[in-house]
Every structure is written in structure tokens, then in C-alpha cells.
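Q: I have a structure open beside its sequence, and I would like to learn how to read its strands and helices. Could we go through them one feature at a time?

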Amino acid sequence: MTHPVQRAAGALRTWSLLALPLIGMGAGLAYSLTQEPVYTADAYAVVSSVRQGVPTQEADFAQAYARVTVHPGLLAGTGDAYLADGELLRTTLQASASPDAPLIRLAALAGTPEEAARRANSAAAALTAYANRHSADTGVRLSSFAPAVPPATPSSPRPLLATAVSTAGGLLLAALIWLAAPAGRRQDDRRDDRQVPPARRPAETASA
């Protein structure tokens, strides 16, 4: 005997397996289409020694400069409003350095490719000027290694990635519902087995 709970569980399993992945796919695609694009441009600066014959840890200085790049006021004073806005600088500029090479990477975010490249180059120029003002004390100087160019594609959102992640979420939710629904049916079946009396044998029916 099929109870309404069993029918509802079966319908829920079928509906979830078909609809939830499609809903997740649509949600991810809608999110990627409604978000404003963000572009990332990279500028590189290299650390070199100014003291001939004196060993200098250029890679260590590169890491030190990368850590203090977004420190409030470090890059200010150039007349660039972007570098003077400490909060905007912390949220849109990332500096990193390789532990094996004296190379500093400055990645700037912006709403347009041209602005992202301008921000990265401006930050690299300001950091180079700051480092070179203190070269007599540190024994190293900075120079431009590769200027930033306007990126061809936005770094976010990524429609394919957003769609894939949301579709995977829909599949996971559908799988959880699929695994949870049979437990209710098995419980209802056991309840039916206890309620329905066993069938009589033919011999017992004839004697009766």
C-alpha cells in the first residue's frame, strides 16, 4: 500500500534531482551577469644592490617592501588621489614578493582595464621612489621591471566558474534530499508490515 508520505517522498526526490541543479545553474549565471566587472593589472619592480662587493639580501628586501606597501601614508605625497586614500588602497592593491627572487608584484583592482593599469603603475612608481630615497640606508634600490598594461578580460566575475559552483551546490542538495527521502519510505513500509496480517495458507482456508 502506498501512503501519501511515500508518494510525496518519491515526488520530492524526483523533483530535486531534476530541478535543483538547474536552479543552481541559473542562479550562478544570473549572479555573474548582474555583477560589475573587476579588472586586475600587474606591475613588477625589481630590487638591486647599490653597493658593489657587499652582499645584500635583495629577496629579503623585496618581501619587506611588499609587506609595507599598503601601509597608511607610505605611498601618499605623490599627488595621486588613489594613493592618498588609505582605505581604497588596502582594498584594491595587493603586493607580494617571491622568496627566491627580488621581484615585487603589485596587483591593482579597478572597474576598467585602463584604471587598473594606471593604479598599478602609479603604486609601483611611488614605491620605487620611496625605496630609492632610503637606498643609502638600505643598500638597495628599486627599478621598474615590467609596467602594467590594461587587461583584456575581467578577473571577476567568472561566469563559467560561478555557474559550475552553483550547479555543484544544487547537485549536492539534491543528493542529500535523495538520500534522506528513502528513510521515510522504509519506515512506512515497516509500519505497513506490522499492520497487515499475514495471509492464510490454503489448508487453513479449507478447514475453516
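Q: How many bridges join strand S1 to S4, and do the two run parallel or antiparallel?
A: In general, the strands of a sheet pair through backbone hydrogen bonds, and the pairing may be parallel or antiparallel. In this model, which is predicted, strand S1 (residues 39-49) runs antiparallel to S4, and six bridges join the two. One residue pair to look at is serine 49, whose bridge partner in S4 is valine 140.

Q: In what order do the strands lie in the sheet?
A: The sheet is open and has four strands, in the order S2-S3-S1-S4, with antiparallel pairing. Strand S2 (93-97) and strand S4 (140-146) are the edge strands, each of them pairing on one side only. On average, and with direction ignored, neighbouring strands of the sheet are turned by 25° against each other.

Q: Which strands does H5 touch where it packs on the sheet?
A: Helix H5 touches S1, S2, strand S3 (103-110) and S4, and the direction of the helix makes about 145° with that of S3. The helix covers residues 113-133, and its 21 residues reach 31 Å from first C-alpha to last, close to the 30 Å expected at 1.5 Å a residue. Its buried residues include Ala116, Ala120, Ala124 and Leu127.

Q: Is serine 135 buried or exposed?
A: A residue counts as buried under 20% relative accessible area, and serine 135 is therefore buried, at 15% relative accessibility. Serine 135 belongs to helix H6 (residues 135-138), and, leaving aside neighbours within four places in sequence, serine 135 is in contact with Val50, Val140 and Arg141.

How values were computed:
Residues are numbered from 1 along each chain as its sequence is written. This is a predicted model: local features need pLDDT of at least 70, side-chain atom pairs count only at pLDDT 80 or more; totals for chains, interfaces and linings use all residues. Side-chain values use heavy atoms; hydrogens and water are left out. Buried means under 20% relative accessible area, exposed over 50%, partly exposed in between (1.4 Å probe, protein chains only). Contact means heavy atoms within 4.5 Å. The expected span of a helix is 1.5 Å times one less than its number of residues. Two strands pair if DSSP finds at least two bridges between them. Axes are lines fitted to C-alpha atoms, for helices over the stretch in contact, and angles run from 0 to 180 degrees between N-to-C directions.
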